[in-house]
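Student: I should like to learn how to read a strand arrangement and a ligand site in a model of this kind. Could we begin with the strands?

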Amino acid sequence: MTTTTTPPAVPRAAARTKVLQRQGAAVALVLVVAVSWLVFPRFGSPDNLRDLALQGSFLAVIAIGMTFVIITGGIDLSVGSLYALGGVLAAWGSQYGFLVALALPLVVCGVIGLINGLLIARTNMAPFIVTLASLLFARGLLLAITDEGANTYQIPADSAFVELGRGTVFGFGYPIFIAAVLAVLGGVVLNRTGFGQNVFATGGAEQSAVLLGVPVAKTKVLVYTMSGTLAGLAGALTAAYLQSGVTVIGVGLELDAIAVVVIGGTLLTGGMGTILGTVIGVGLIKVIQNVINQIGTLDSNYQSVVSGVFLLIVVVLQRILRR
Amino acid sequence: MPTDPVIEVAGVTKTFAGVRALGDVDFTLQRGEIHALVGENGAGKSTLIKVLTGIHTPDAGSVTRNGHISTIYQEVNLVPLMSVSANLFLGREPRTRFGLIDRARRDAEAAELLRGYGITADVSSPLGTLAVGEQQMVALARAVAADADVVIMDEPTSSLEPREVETLLGVVRKLHEAGIAIIYVSHRMDELYRICDTVTVLRDGVNVHSGPLGDLPRIELVSLMLGRSVKEIEKHGTTAFGEGHQADTRPVLEAVDLVSRPRVGGVSVSVRPGEVVGLAGLLGSGRTETAKAIIGALPLDSGTVLVAGKAVPHTVKASMKAGISMLAEDRKTEGIIPNLSVRENIVLAALPRLGRFGVTSRSRQDRIVDTFIERLRIKVSSPEQKVAELSGGNQQKVLLARWLCTEPKILLLDEPTRGIDVGAKAEVQELIDELAREGLAVLLISSELDELLDGADRLVVLRDGAVAGELEGDRLTREHVLAAIAAEVTDDSGDHAGSHQDSR
Ligand SMILES: Nc1ncnc2c1ncn2[C@@H]1O[C@H](COP(=O)(O)OP(=O)(O)OP(=O)(O)O)[C@@H](O)[C@H]1O
Ligand SMILES: [Mg+2]
């Protein structure tokens with residue numbers, strides 16, 4: 001193939017939009033990091049950066065699944081609860097060894113995701129409603145197996161499972177690498193496989209996708225299963241890191257996950273998005289939270305205020321750009 | 001004739017919520033033939049196709065398929081946000097050694113393939129950035145590339161301009177030579193007679209005729225479709241589209257030097273009350289964009305729009321208030337709201353006028369809606385039926401009704417008869433005439449040259465976003481328009497009516 005250069009017809013404006021949507025968050029991230037670096041001497045310390053990356057990795061694992069869901073035009077509100085449930089199941093399972101501790105949360109959360117997907121794809125119920133129900137369901141299940149949250153399962157400090165959350169390479173925790181590998185995998189699956197194309201087609205124009213022979217229902221089932229499984233995994237990693245199954249975490253985490261996906265340029269209406277954008281979105285939110293913590297005097301409640309404002313700005317920008 | 005059917009349908013019946021779309025239909029497609037499927041809007045053509053392809057399951061009857069079917073549906077059914085190449089190869093992407101999608105090869109092959117269809121747009125840009133006609137060509141390329149025994153085309157030419165129609169017919173012929181059977185749905189009789197061997201006529205969901213097309217006089221075909229006698233049709237004859245407009249002298253609409261980059265580069269058009277002005281030109285010459293610029297839907301870089309001599313602020317709202325309405329070309333993305341009822345869709349634009357303090361009289365709405373349903377012969381089970389459930393042509397009529405009931409002074413019509421059957425087409429044209437006689441100023445965009453020549457009092461020919469010529473009187477001929485489109489004519493638009501016409 002020699003020539004693929006073609007004159008741009010209309011797409012100049014579209015190309016500009018693309019660049020801004022793709023790079024907008026990246027530019028913001030670079031700016032925020034640069035400013036923080038200059039203003040807060042502790043920000044750039046290796047310890048702080050490692051901690052930042054580690055904190056980000058748990059959210060990133062969830063947000064990768066959420067990216068797929070949102071690109072299909074759906075939403076998954078259950079991930080915060082599944083995250084907490086996954087942690088408790090991992091902690092409880094750790095008494096039976098590494099494998100159980102890891103597999104149990106993945107399987108249980110995966111099955112709940114599968115049920116989400118089946119209900120959404122087969123009964124045509126709104127994703128919002130279905131996953132809201134499983135948010136409540138998973139929280140309830142969690143409270144039931146922990147005696148209303150009174151019972152916190154501990155993971156023995158010498159168990160191999162703890163290593164998964166606390167082990168490091170060059171000081172960087174294992175979860176960071178796990179998240180990185182998943183992000184790369186997610187990107188490849190999204191852009192370079194038939195399944196990924198189906199995800200885009202489903203969210204871009206569902207009716208057309210059906211006529212084009214895309215297995216829309218199957219695609220939906222898969223993305224929700226994925227999202228549930230990844231939330232369970234993030235919970236398991238967190239439990240390993242904390243050495244216990246904390247029952248009160250993950251409340252509202254689904255909103256953080258949705259926020260970073262949208263900040264990363266994925267359209268909330270579906271059909272368009274990138275994993276890279278999501279990773280950048282995670283970076284952005286985590287850096288801002290980190291800085292607010294460093295200011296110390298600023299109430300940490302302002303974290304959500306700031307993330308909220310950010311989300312708003314990005315969504316408004318997307319609308320304007322899409323004209 | 002030896003029979004070797006690729007598709008055989010026997011006794012198929014399909015009902016939607018009490019409405020019979022197909023009733024006991026038999027249909028046979030022989031290997032290698034080009035089979036025309038015709039009928040009025042709502043006759044059941046698209047439904048039959050969806051039964052053939054398995055999208056709809058028939059209530060009764062059997063469908064036998066002896067081969068792979070590939071279909072271009074009536075509305076462009078691709079994914080606008082995905083790239084052109086991704087759409088083209090969705091489901092059969094070229095792979096690398098590792099089984100991953102080979103994006104470079106996909107883009108290269110797509111560019112190569114589409115060049116054969118006259119499309120040179122960047123294949124990695126979103127499909128939605130292409131013009132409707134170009135999207136239709138991508139859909140065609142996609143359907144053809146998929147190694148099928150049968151290719152079904154549901155009104156493939158309705159959004160194409162003449163040159164693209166030729167490309168498409170060329171593709172159809174090539175498929176035919178390769179022994180592929182084709183089902184071809186179109187409301188354009190010329191096309192049918194040029195390429196089709198056999199015809200099946202549906203009327204109200206019933207197969208009223210199947211047989212060779214060549215032997216069937218046009219008028220008989222039309223009479224079969226409409227269910228009226230040949231005599232009756234002969235009496236009505238060809239419509240007297242375009243006759244008897246008496247244009248007032250002062251223009252009610254004046255667009256002066258409109259520039260809206262990149263597609264509109266300095267267009268001036270004026271329309272007088274009672275006049276129908278046609279906008280001609282190839283696809284991409286800026287016709288739609290000019291209309292959009294006039295009504296304020298595209299940002300203006302410079303230029304002014306005057307209504308009755310007064311400058312109108314450049315917003316859609318202000319334009320509508322000044323009395324301009326526009327029927328958009330792409331009903332799927334720019335007009336129809338599929339989940340609302342026919343009534344709601346029709347009164348939508350007129351609501352502000354119909355009511356007071358935000359309260360609208362329901363009985364008044366019903367009266368208006370009933371009038372238009374009757375006048376345009378919109379086929380609905382009730383005004384409360386969802387628009388999404390109407391056939392393509394009937395959706396177009398609903399849109400037309402929407403803009404007519406705003407009682408505009410100036411009506412911009414972008415492809416008003418696209419997808420409308422012969423009977424209704426004549427009626428729509430008649431209606432445009434009638435409205436012009438009542439003093440409405442009409443700007444008419446159509447890819448069908450004949451429609452422009454018949455209907456318009458004056459033609460403005462656009463090329464590359466600029467006026468390439470203005471024709472009226474004697475110079476309103478096919479030759480002159482084609483010459484202006486092809487830039488073979490020196491711009492002598494100053495002298496008109498009466499000048500001797502000789503096409504060089
Ligand atoms: N999903 C649906 N729900 C309800 N009614 C439907 C549905 N699809 C089609 N119909 C009805 O079935 C009839 C046949 O429609 P169809 O789309 O097959 O017509 P068509 O011959 O393709 O017309 P056109 O030339 O306008 O495209 C119409 O009356 C239409 O309203
Ligand atoms: Mg149809």
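Tutor: Please bear in mind that this model is predicted. One may start from a single residue pair across two strands: Leu306(B) stands opposite Ala311(B), which belongs to β14(B).

Student: How many bridges join β13 and β14 of chain B, and in which sense do they pair?

Tutor: Two strands count as paired if there are at least two bridges between them. Here β13(B), residues 302-307, pairs with β14(B) over two bridges in the antiparallel sense.

Student: What is the order of the strands in the open sheet?

Tutor: The order of the four strands in chain B is β11-β10-β13-β14, and the pairing is antiparallel. Pairing on one side only marks the edge strands, β11 (264-271) and β14 (310-311) of chain B.

Student: Which helix lies across β10, β11 and β13 of chain B?

Tutor: That is α9(B), residues 287-295, which runs at about 110 degrees to β10(B), residues 253-260.

Student: Turning to ligand 1, how many residues surround the ligand, and which are the closest?

Tutor: The shell has 19 residues, the closest being Lys45(B), Ser46(B), Thr47(B), Ser391(B) and Gly393(B). By class, four are nonpolar, eleven polar and four charged. Helix α1(B) gives the largest share, three residues, while α1 (45-52) and α15 (392-404) of chain B each supply at least two.

Student: Which backbone atoms lie 2.9 Å from a ligand 1 oxygen atom?

Tutor: A backbone N or O atom of Gly44(B) does, as does one of Glu389(B). For Gly42(B), the corresponding distance is 2.8 Å. Taken alone, ligand 1 exposes 640 Å², of which the protein buries 89%.

Notes
Residues numbered from 1 in each chain as written. Chains lettered and ligands numbered in written order. Predicted model: local features only at pLDDT ≥ 70, side-chain atom pairs only at ≥ 80, totals over all residues. Heavy atoms only, no water. Contact = heavy atoms within 4.5 Å. Axes fitted to C-alpha atoms, helices over the stretch in contact; angles between N-to-C directions. Near = heavy atom within 4 Å. Polar contact = N/O pair within 3.5 Å; in protein donor to acceptor, adjacent residues only side chain to side chain. Areas by Shrake-Rupley, 256 points an atom, 1.4 Å probe, with all protein chains shown as cover. Nonpolar A, V, L, I, M, F, W, Y, C, P; charged D, E, K, R; others polar.
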